[in-house]
Structure formats: C-alpha cells, structure tokens
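Please open the structure in your viewer and keep the selection tool at hand. The tour goes from the ligand to a pair of aromatic rings.

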Amino acid sequence: MSSKLVVGNWKMYPTLSDSLILASTFKRSLEDIQGVEVVLAPPTAWLVPIVESWRHKPQHVSLAAQNVWPNDQGAYTGEVSAYMLKNIVQYAIVGHSERRAYAGEDNDLVHQKMQACLQWGIKPILCVGENKKMIDAQGNFDDYQLSKVTEQLLEGIAAAKQDNFDKVTVAYEPVWAISANQSATVATPEYTLQVISKLKERLIEKFGAGPSQLVRFIYGGSITSSTATDFFRHPEIEGALVGGASVKAQDFLKVCQIAAKTS
Ligand code: PEP
C-alpha cells in the first residue's frame, strides 16, 4: 500500500512568526515520522521565508500554495502565478471551496489553474465537494448535488493529460463538513467512501480505468487526530486535507503519525 498524503491548509491563520515556528516544529518532528507524505500550505507571503529558514527539508515533506493564478505574468493585481511559484512549491491547492465561495472561482478558472500547475511541474490538489449533504438516511443520492461535484471533478481534471493523472490529487471536501465543530455535521467515513466510489465511476466512464486509477483521492472536512483513524483505515481514502487542525502543531503531528501507521 502506498503512503497516505496529509496536507495542512494553514488558510489565513498564522502570522509570519507563527508560521516560522510551525514550520520549524514540523520539520524537526516529521524527521521521525516516516511512511507518510506531508504537504504544508502556509499563506503565500510566508512561503519564501519558510524555504529560507529550512535550508533543507525531509524528503517526505513538501510545500504547497493555497492558490495560484493561471497566467504566467501580467496585469493581475494581487495574484501570484503557478509560473512564479514553480521553484518554491511542489503542490498547489486548486478550487478550494472558500475560493469558489469568496473569490467566485468557477470550473473554467479551476481548469486553467490545473493546466498552469501541471505545465510548471506543480502537483495540483483539486478540491471538489457539495454544498448540502447528497446522501439521505436511506442511502439515496441527490442527483443534482452529485452532478455538480462530478462537473467540478471532470472539468478540473480535463486539464491534465491522462499520463499526468498520477500528479493529480482530488480532495473530496463536502462543503458542509468544512470547519464544522459539532460532530453531528462532520461527514462519516462511510459517506465519504460512497461519494468517492461514485466519483471514481464517473472518472472511469470518461477516461477509462487505466488513467483513472492513477488519481489519488483524499478527504477533507474537520479532520482532527480524534477522527483520522476512522478515515485512514480505509485504503480508498488515501489521505486528508486538514484545515483548522493543521495549525495546532501537536494535533497535526498526531494526524501524520496515524497516517503513517495506517499506510
Ligand atoms: C480545508 O480547509 O480544506 C478544511 C478541510 O478545513 P477544516 O479541516 O478546518 O474543516
């Protein structure tokens, strides 16, 4: 079985000094946690100071951008392109639900961002997810919600050539389960497995089994060290995108440890 992927999305939480402390703690502690691939996504402005403070990093630890712009250079105030980030990060989060909601990103822009990442050697983490629960208590799917998530997936991934599918990670993140602090609103592993299985079916219908099996599927939505084991024990859930808990150093390290043990 291959290693799980644990991505820490620091969102817009840590200041520069917080970020340098987190980065140094993770670098030191992760040396001892092998058998898991860890990706840290600090705010863009702190990427270079982190790279400089690290000098070298453990091989299984990488950096990600939380967002990229698809054009290489030009009049795009406030944006940073995949081209500009290409020697700084190994991964980029693309199409996060917070960007879809607050920055109006649509599937077309997400497609362009995926293309730019792959062109410049950055591995995209494509976020997809429904706004409202799509499986009811009887196990029936809401076809509308499923079709919206399928569109996000197929339009995003169409930016990749099929022999590039091994560079693509899909983060299935039900939007209603992100930043949820009441356990009642958190997605269960069973729910997640059912959705991932449907999405894989759609991928296979469109691109065939060979390329589709190269795509890695991870889960995101209020993962903490208390819930990680339940998700990671399923081989179909190949890792996690962790938001809030990723800036709590001890909790995030525990998630990484659990992932290493269940890989
Ligand atoms: C996320 O930002 O992608 C995320 C899953 O956040 P949280 O873990 O806080 O729900």
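How many Å separate an oxygen atom of the ligand from an N or O atom in the side chain of Lys-11? In this predicted model, the distance is 2.8 Å.

Keep the ligand selected and add Asn-9. A polar atom of the Asn-9 side chain lies 3.1 Å from a ligand oxygen atom. Next, add Ser-179 and show its backbone: there an N or O atom lies 2.6 Å from an oxygen atom of the ligand. Taken alone, the ligand exposes 290 Å², and the protein buries 97% of that.

Now select the whole shell around the ligand, which has 13 residues. Those that come nearest are Lys-11, Glu-173, Ser-179, Ser-222 and Gly-244. Colour the shell by residue type: three are nonpolar, eight polar and two charged. If you display pockets, look for the ligand in the second largest one.

Leave the ligand and turn to the aromatic rings. The structure holds seven aromatic pairs. Select Phe-165 and Phe-207: their ring centres are 5.1 Å apart and their planes stand at 80°, an angle over 60 degrees, so this pair counts as edge-to-face.

Finally, show the secondary structure. Phe-165 is in the loop between helix H6 (143-157) and strand S6 (169-172), while Phe-207 belongs to helix H7 (residues 189-207), so the pair ties together parts 42 residues apart in sequence.

Conventions:
Residues numbered from 1 in each chain as written. Predicted model: local features only at pLDDT ≥ 70, side-chain atom pairs only at ≥ 80, totals over all residues. Heavy atoms only, no water. Near = heavy atom within 4 Å. Polar contact = N/O pair within 3.5 Å; in protein donor to acceptor, adjacent residues only side chain to side chain. Areas by Shrake-Rupley, 256 points an atom, 1.4 Å probe, with all protein chains shown as cover. 1 Å grid on protein atoms, 1.4 Å probe; cavity = no way out; pocket = protein on both sides within 12 Å on 5 of 7 lines; lining within 4 Å. Sits in = over half its atoms within 2 Å of the grid points. Nonpolar A, V, L, I, M, F, W, Y, C, P; charged D, E, K, R; others polar. Phe/Tyr/Trp six-rings, centres within 6.5 Å; stacked < 30°, edge-to-face > 60°. Helix = DSSP H or I, 4+ residues; strand = E, 2+ residues; numbered from the N terminus.
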